[in-house]
Amino acid sequence: MRSIDKSADISSKPAEAINSFLDLVSKIAVLSFEHKDSLLFYRGQNRDFKNKSGNSSFYPSIYRTNNENLSKELLEIRFKKLEQASTLLIQKFENRSDFTNSIKELKNRKYIRWSILQHYEVCDTPLLDLTQSIRVAASFALLNGARKGFLFVFALPYFTNRISINSEHDLVNIRLINICPPQALRPYFQEAYLVGTDDITNQYDKRSDLDFKQRLVAKFELFNQNGSFWGDDGSVEKYLYRNDDVFKIVCDNIKLEIEEQNNIELVFPGKWRNDYKLSDGREGTEDFEVRNINEYHIGPFHVFNLDSILVDRQKRIIEFRKVGVDPDKRKAFNSLQIIDENHYLGTEDNSTTIRYTRVN
């Protein structure tokens, strides 16, 4: 995406302290006047997430890492899981008569599917949640009466449609209340928008181009000692998460189905043998069990944790990452073909040939 002037300076600077909602609105009024050619959007967080350089960072969830490189294999698994969730979302819509008017667009437009899945926290997507409400963003920053939080301000191009694509800035902006039926209450109370980098998925030149810190124009640290931040103005926290939101119920069910579908312990029940052949010709065998959902045990030793798990029984594919337990820092990707329920064949890190066989 195209950067705005001095955005890198803002991300590297400390947040400005704010002690009241009135003070916050006053500061943002000045910002709005200074950025006449942009619309301001807001994001509230309980902390200021920073990259290795110590700068504030705002990647959409599918591109985030925990201070590690985002490998091609990891990103591809995330996008495959997004595809799984998208398929389930379409199926849920097709099975409900009250969603009939929305199903055609949901099938045809990926941004609609991704927006719903991101906003209801089903899985990682290439979109970032923002709001046009200062009060909503501040309420998120100070959830559960927190004594402090952070509010970030982004300047984005003006938009004219409910899904606006700006090719000059490489941005897409989705106004969620205009693509969701009225049964989806959360977007209305949160004045929700989703933003992303247009036409970018798992292929890009530089990951840093996807960081919305490039559109950051201000960051504030909100202080709420004894609830003093709000004064006579109230938080809207009680409205942000509605239990009677039908969409939330549907999306929660999708999340549970995705977790069950990708339960690696169910894929490796009992005891298994791993026969492997390294690229230099060396061979070996190890017996293992998967316990406690995602732990790879060899005998009495907990050797790896398994994450980034994808199980597609229709395509007969299993993919996951093995991460060494401290102090072991090894990471290795497994890509397997399901031969049958007792035999999986594939590669580790695209070089080591592996065969998993159930022995008990």
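Reader: What volume does the largest cavity have?

Author: Happy to start there: the largest cavity has a volume of about 40 Å³, where a volume is the space filled by probe spheres set on grid points joined across faces, edges and corners. Keep in mind that this is a predicted model, in which local features need pLDDT of at least 70, side-chain atom pairs count only at pLDDT 80 or more, and totals for chains, interfaces and linings use all residues. Residues are numbered from 1 along each chain as its sequence is written, and side-chain values use heavy atoms, leaving out hydrogens and water.

Reader: What makes K110, Y111, W114 and P126 part of the lining of the largest cavity?

Author: On a 1 Å grid over the protein atoms alone, a cavity is a set of points where a 1.4 Å probe fits but cannot get out, a pocket is an open set with protein on both sides within 12 Å along at least five of seven lines, and lining residues have an atom within 4 Å of a point. K110, Y111, W114 and P126 are listed in that lining, along with L127, G196, T197, D199, I200 and T201. The largest share, three residues, comes from α5, and both α5 and β7 (192-197) give at least two.

Reader: How many cavities of 30 Å³ or more does the whole structure have?

Author: The search finds two. The second largest has a volume of about 30 Å³ and is lined by P60, Y63, P126, T197, I200 and L210.

Reader: How do you divide the lining of the second largest cavity into nonpolar, polar and charged residues?

Author: Ala, Val, Leu, Ile, Met, Phe, Trp, Tyr, Cys and Pro count as nonpolar, Asp, Glu, Lys and Arg as charged, and the others, Gly among them, as polar. That lining then gives five nonpolar, one polar and no charged residues. For the largest cavity the division is five nonpolar, three polar and two charged.

Reader: Why is α3 called roughly perpendicular to α5?

Author: Helix α3 (residues 72-94) and helix α5 (residues 110-119) pack at about 100°, with axes 10 Å apart. The label roughly perpendicular follows for α3 and α5, because it covers 65 to 115 degrees, while under 35 is roughly parallel, over 145 roughly antiparallel and the rest oblique. Axes are lines fitted to C-alpha atoms, for helices over the stretch in contact, and angles run from 0 to 180 degrees between N-to-C directions.

Reader: Which residues of α3 and α5 make the contact?

Author: From α3 come F79, L82, A85, S86, L89, I90 and F93, and from α5 come R113, W114, I116 and L117; contact means heavy atoms within 4.5 Å. Nine of these residues are nonpolar, one is polar and one charged.

Reader: How many helices and strands does the chain have?

Author: Ten helices and 16 strands, counted as DSSP runs numbered from the N terminus (helices H or I, at least four residues; strands E, at least two).

Reader: What makes the chain as compact as a globular protein of that length?

Author: Its radius of gyration is 23 Å, close to the 21 Å that the globule rule gives for 360 residues, so the description fits. The radius is taken over C-alpha atoms, and the rule is 2.2 Å times the number of residues to the power 0.38.

Reader: Which residues are closest to the centre of the largest pocket?

Author: This pocket has a volume of about 1400 Å³. Of its 47 lining residues, R43, Q45, F49, Y59 and R64 are closest to the centre. The lining has 15 nonpolar, 16 polar and 16 charged residues.
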